[in-house]
Amino acid sequence: MEENAFDVFVIGSGIAGQTVAKSCVEAGLKVAIADNREFGGTCANRGCDPKKILLGAMEAYELSKNLKGKGVAKTPRINWGKLQKYKRNFTVNVPVATERVLKEKGIHLFHQSPKFIDELTLLVEGKKISAQKIVIATGQVPRKIEIKGSKHFKNSDDFLNLKKLPEHIVFVGGGYIGMEFAHMAARAGAKVTVVDTGKRPLHAFDPDLVKALKKYSESLGITFIFEAKPTSLKKKRKKHILSYEVKGDIKIIEAHMIFNTAGRVPALAELDLDKGNVDFTDSGVVTNDFLQSKSNVNVYACGDVSDKNLPLTPLSGRQGYVVAENIINGNKKELEVPVVPSVVFTLPNLATVGYSEEEARARYKNIIVNYEVSTDWFNAKRINAPLYAYKVILNERTREIVGAHLIGPNAGETINIFTMAINNKMTDRDIKSTIFTYPSWVNDIKSMV
C-alpha cells in the first residue's frame, strides 16, 4: 500500500475516534487519525473531565456552607488560581499520553483537520491522502451567536482555563454549560448573570425541578434574564457591553467577560463535506443504522457528529465500537441505544432518565406520578441540604418505572440506578424488594417509587 494510502482514516481523536482507530489497527488494517487540536478530544482536555475537577472544590464549599454552625466552624474560600493549577495536573498530559498510545499501536498521526477532495481522498498537512474508509468523529463546537461583535464572546475553553475569575460574568445561554459554569463562578465569588432566549433554563429537564433549581440558583446570587435575544456585543477597555432585545425593547448589560454558552453543534464546517458527497444537516452527518453515510458508503460518522448523536461520552464510545465492527466485518452491527441518563452538574445535581411527565401521559393510558420535595428526609437533613426532590413516573398498568427526574446531592449517581431499572423493565415492587445499603442516597429510591 502506498505511503499516503490507508485502509481507515479517522478524523477526530476523542473517545469515538480513538475507539475506531484502535479496533481497526488491532484487526490488521492500516489506520491514520487526524485532529486539528490536542489529541484526546473535548471531554478529557476541555470538557467533562476538567469541569468535574473544578466542581470538586465547589462540592466541598457547598457542604461546608450547609453545615456551618452545625459542626463546621467556617466556610472555606475558593482559591480559583490554585484550583485551576490543580485541574491542569489532570489535563496537561492527556495529549502526549494519547499520542503515545496511538503511535505504539502503529496508527499514523496527523495534526490538522482534513478536507475532502473527493469521496475517497482527503487533503491534510498539504498531502493528498486516500482511504478505503473515512470516519468522521470530529465532535462538536460552540454554536455561533450571529450578532455584531460576536468575536468578543468567550467560550467554554476560555472559562475552564481562566487564571483569574472576573468580577462580573454573563453567560448567554441557560443550558448545561451555562448553568454549570454559573454555579461554579457564583460560588467562587463572581457576580453572575444568565441570559437566555427561552422562558426558563434547561429546557430538556422537568419543569418543576428546574423551577426549584432556578430559585436556589438565585439564592446564590445568580440573576436570570429570560426571553432575551442578543443583538450586539461591544468591547470596551475593561468591560464588555451586551445589547439584547426583550419584548421589543433594547436593553444592555455590562460585564467583565461575556461567554457564549448557547449550546454546541457538530464540527463539520471545515471538512468540505460537499466535495466528499457526504450529506449532513444541523444534527450531523446523515447516517443509517450502521452509522454509515447515506450518500457516501465509504464514510462513517460516530460520536457527537452523527445525526444519531447524544452529546454523551459513553454513547460516543459505543458508536465507535459499532463503526469499527462494521468496517472490519461488513455492515452487520446496528446501533442500539438504551435509555440514557443525563445530568446537569450544578449543585445540587439535576438528573433525568426516561420519559418526561408530558411524554409519559402521551404514551400511556394511565400513569402514576410520584413527586415530592424531600428536604425533610434523613439523607438531606444530615447534611442540611437546601434542595432535594424527585419525580418518578410509572406505567399504572404494569407498574414499570418509565421515567425518573431527580434534584439533590448525589442525583448524578442515583439516576444510574433508575437507568438500570428502566432498561430492565423493573417495577416498583422490584425496587422495593431490593436490599440497598442504609442509610445511603440510593436506598432513598425505595421511597420514591
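1. A word on terms to start: helices (H or I, at least four residues) and strands (E, at least two) are DSSP runs, numbered from the N terminus. Please also keep in mind that this is a predicted model. With that in place, Pro439 can be located in the loop between helix H13 (428-432) and helix H14 (445-448). The peptide bond leading from Tyr438 into Pro439 is cis, and its omega is near -5 degrees.

2. There is another cis bond to look at, the one that joins Leu347 and Pro348, with omega at about 5 degrees. Here the setting is a loop between two strands: Pro348 sits between strand S19 (342-344) and strand S20 (349-354).

3. Now for the sheets. Four strands make an open sheet with parallel pairing, and their order is S10-S9-S8-S14. At its edges are strand S10 (222-225) and strand S14 (257-260), each of which pairs on one side only. From one strand to the next, the twist averages 20 degrees.

4. If you would like a place to begin tracing that sheet, try strand S8 (residues 168-172), which pairs with S14 in the parallel sense over four bridges. Within this part of the sheet, you will find Val172 opposite Asn260 of S14.

5. Which helix lies across S8, S9 and S10? That is helix H7 (residues 176-187), which runs at about 170 degrees to S8; strand S9 itself covers 191-195. Helix H7 is worth remembering, as it returns in the point on the cores.

6. A further open sheet has three strands, in the order S11-S12-S13, and its pairing is antiparallel. Strand S11 (229-235) and strand S13 (249-255) are the edge strands, each pairing on one side only. The twist in this sheet averages 20 degrees from one strand to the next. S11 pairs with strand S12 (residues 240-246) in the antiparallel sense over six bridges, and Lys234 stands opposite Ile241 in S12.

7. Next, the interior. In soluble globular proteins, nonpolar side chains tend to be buried together. In this model, the largest nonpolar core has 68 residues. Those with the most contacts inside this core are Met58, Phe159, Phe171, Leu350, Ile401, Phe418 and Met448. Helix H7 gives the most to the core, with six residues. Separate from this is a second core of 23 residues, which includes Cys24, Phe39, Ile107 and Val135.

8. Met448 deserves a closer look. What does Met448 touch, not counting residues up to four places away in sequence? The list is Asn370, Trp377, Tyr388, Tyr390, Val392, Leu406 and Phe418. Phe418 also appears with Met448 among the residues with the most contacts inside the largest core.

9. Finally, two backbone details for you to check. Leu291 is not a glycine, yet its phi is positive, at about 65 degrees. You can find Leu291 in the loop between strand S17 (284-285) and strand S18 (299-301). Is Leu291 buried or exposed? Its relative accessible area is 0%, so Leu291 counts as buried, the cut-off being under 20%.

10. Arg399 is the other residue to check: its phi is near 65 degrees, a positive value in a residue other than glycine. Arg399 belongs to the loop between strand S22 (389-395) and strand S23 (401-408). With a relative accessible area of 36%, Arg399 is partly exposed, because that value falls between the cut-offs of 20% and 50%.

Methods: Residues numbered from 1 in each chain as written. Predicted model: local features only at pLDDT ≥ 70, side-chain atom pairs only at ≥ 80, totals over all residues. Heavy atoms only, no water. Pairing = 2+ DSSP bridges. Axes fitted to C-alpha atoms, helices over the stretch in contact; angles between N-to-C directions. Contact = heavy atoms within 4.5 Å. Core = buried A, V, L, I, M, F, W, Y, C linked by side-chain atoms within 4.5 Å. Buried < 20%, exposed > 50% of the residue type's maximum accessible area, 1.4 Å probe, protein only.
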